[in-house]
Amino acid sequence: MSEPEFVRCPQCNTVLRTNHPRYPRCPRCKEFLRKHRYCEHLEAVTQECTHPEVVRPIEQRHPEARATIADLDEHTQCPYFESMLGQLAPTRLQRVLGPVVRVGLIAAIVAVVMLHYFQSSVKQYESVAQQAALEFEVICPDTTYVEQTFEVQCVVRNRDDKEAQTLQLRLNERVFDWFELLDVSPPPQDIRVVGSGRYLQYGNLAGKSEMLVQLRLRGAQVGSYELAVQLLSPGQYQSKVMHYSIDVM
Ligand SMILES: [Zn+2]
Ligand SMILES: [Zn+2]
């Protein structure tokens with residue numbers, strides 16, 4: 001029994017490496033990929049296994065008997081399983097086009113504003129709106145490939161008239177064990193590691209303006225990794241921690 005190096009998930013079209021720790025589940029859509037339905041030896045119309053080692057003992061017992069599979073979606077430990085999902089390594093273009101980019105938006109205060117707005121409580125809307133300060137958005141891919149460069153974009157919008165002071169981006173330090181940081185743009189004024197976090201320190205952000213911080217990263221090893229990002233403006237604002245799972249295929 002040998003697995004192909006790459007398979008394509010028929011549910012979500014992700015091409016993944018079979019040595020990915022989540023295999024035989026698709027890391028993106030969780031489809032189980034090692035089941036009778038995806039076996040080369042399945043005769044789909046009659047739902048029979050055609051592998052000679054499976055068929056022979058059944059026929060020996062009864063010449064008319066068939067190796068019919070009741071449930072094609074049953075997970076199989078069959079030693080003769082051969083995946084029909086085998087796929088050539090994705091081309092560069094597929095790698096670029098493939099990953100679904102996930103957007104996480106932190107706008108805790110703005111969300112409250114919206115809520116009140118839809119309850120058409122204009123008074124509350126106004127009172128909350130006075131506090132609405134920073135909106136934080138993180139754009140990051142959920143899949144990437146070994147040695148492929150990808151970007152994580154962090155957008156900070158200051159909706160207030162007032163300046164937001166000493167902005168900091170906090171990333172879980174372990175990210176830098178899993179991913180090589182190639183570049184940060186714009187470069188932070190300072191980078192500090194405190195506890196399990198790495199803080200990229202920026203200056204003040206003027207009122208009614210926005211800032212884009214782009215991190216270029218590269219994964220070295222197949223696996224599922226967690227990226228945790230938080231926006232801080234000490235004494236003023238702290239976003240919730242945004243968690244992303246990035247699968248390196
Ligand atoms: Zn899938
Ligand atoms: Zn079979």
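Is Cys 26 buried or exposed? At 0% relative accessibility, Cys 26 counts as buried. The close-ups below come from a predicted model.

**View 1. Four cysteines hold the zinc ion (ligand 1).** The protein donors are the SG atoms of Cys 9, Cys 12, Cys 26 and Cys 29. They lie 2.2 to 2.4 Å from the metal. Angles among the four donor atoms run from 102 to 115 degrees, and the site is tetrahedral. For reference, the ideal angle for four tetrahedral donors is 109.5 degrees.

**View 2. The zinc donors come from two loops, shown here by Cys 9 and Cys 26.** Along the chain, the donors of the zinc ion (ligand 1) follow the spacing C-x2-C-x13-C-x2-C. Cys 9 sits in the loop between strand S1 (6–8) and strand S2 (15–17). Cys 26 sits in the loop between S2 and strand S3 (42–43). The two residues are 17 apart, so this pair links distant parts of the chain. Cys 9 counts as buried because its relative accessibility is 0%, below the 20% cut-off.

**View 3. Strand S9 pairs with strands S7 and S14.** S7 (residues 134–141) and S9 (residues 149–158) run antiparallel, joined by six bridges. Within this pairing, Glu 137 has Val 155 of S9 as its bridge partner. S9 also pairs with S14 (residues 209–219), again in the antiparallel sense, over 10 bridges. Here Cys 154 is matched with Val 213 in S14.

**View 4. Phe 150 and Phe 179 meet edge-to-face.** Their ring centres are 5.3 Å apart, with 80 degrees between the planes. Phe 150 belongs to strand S9 and Phe 179 to strand S11 (residues 179–185). The two are 29 residues apart, and the pair links distant parts of the chain. Phe 150 is buried at 6% relative accessibility. Phe 179 is buried too, at 3%.

**View 5. Phe 179 also pairs with Tyr 225.** This contact is edge-to-face, at 5.5 Å centre to centre and 80 degrees between the planes. Phe 179 lies in S11 and Tyr 225 in strand S15 (residues 223–233), so the pair ties together parts that are 46 residues apart in sequence. Tyr 225 counts as buried, with 12% relative accessibility.

**View 6. Ring pairs build an aromatic cluster.** Its members are Phe 150, Trp 178, Phe 179 and Tyr 225. The model has three aromatic pairs.

**View 7. Arg 198 lies over the face of Phe 176.** The distance to the ring centre is 3.7 Å.

Methods
Residues are numbered from 1 along each chain as its sequence is written. Chains are lettered from A and ligands numbered from 1 in the order in which they are written. This is a predicted model: local features need pLDDT of at least 70, side-chain atom pairs count only at pLDDT 80 or more; totals for chains, interfaces and linings use all residues. Side-chain values use heavy atoms; hydrogens and water are left out. Donors are N, O and S atoms within 2.8 Å of the metal (3.2 Å for Na, K and Ca); water is not among the atoms, so sites may look incomplete. Four donors count as tetrahedral if all angles lie between 85 and 135 degrees; four count as square planar and six as octahedral if opposite donors are over 155 degrees apart and all others between 65 and 115; anything else is irregular. Helices (H or I, at least four residues) and strands (E, at least two) are DSSP runs, numbered from the N terminus. Buried means under 20% relative accessible area, exposed over 50%, partly exposed in between (1.4 Å probe, protein chains only). Two strands pair if DSSP finds at least two bridges between them. Rings of Phe, Tyr and Trp (its six-membered ring) pair if their centres lie within 6.5 Å; planes under 30 degrees apart count as stacked, over 60 as edge-to-face and the rest as tilted. A charge sits over a ring if NZ of Lys or CZ of Arg is within 6 Å of the ring centre and within 35 degrees of the ring normal.
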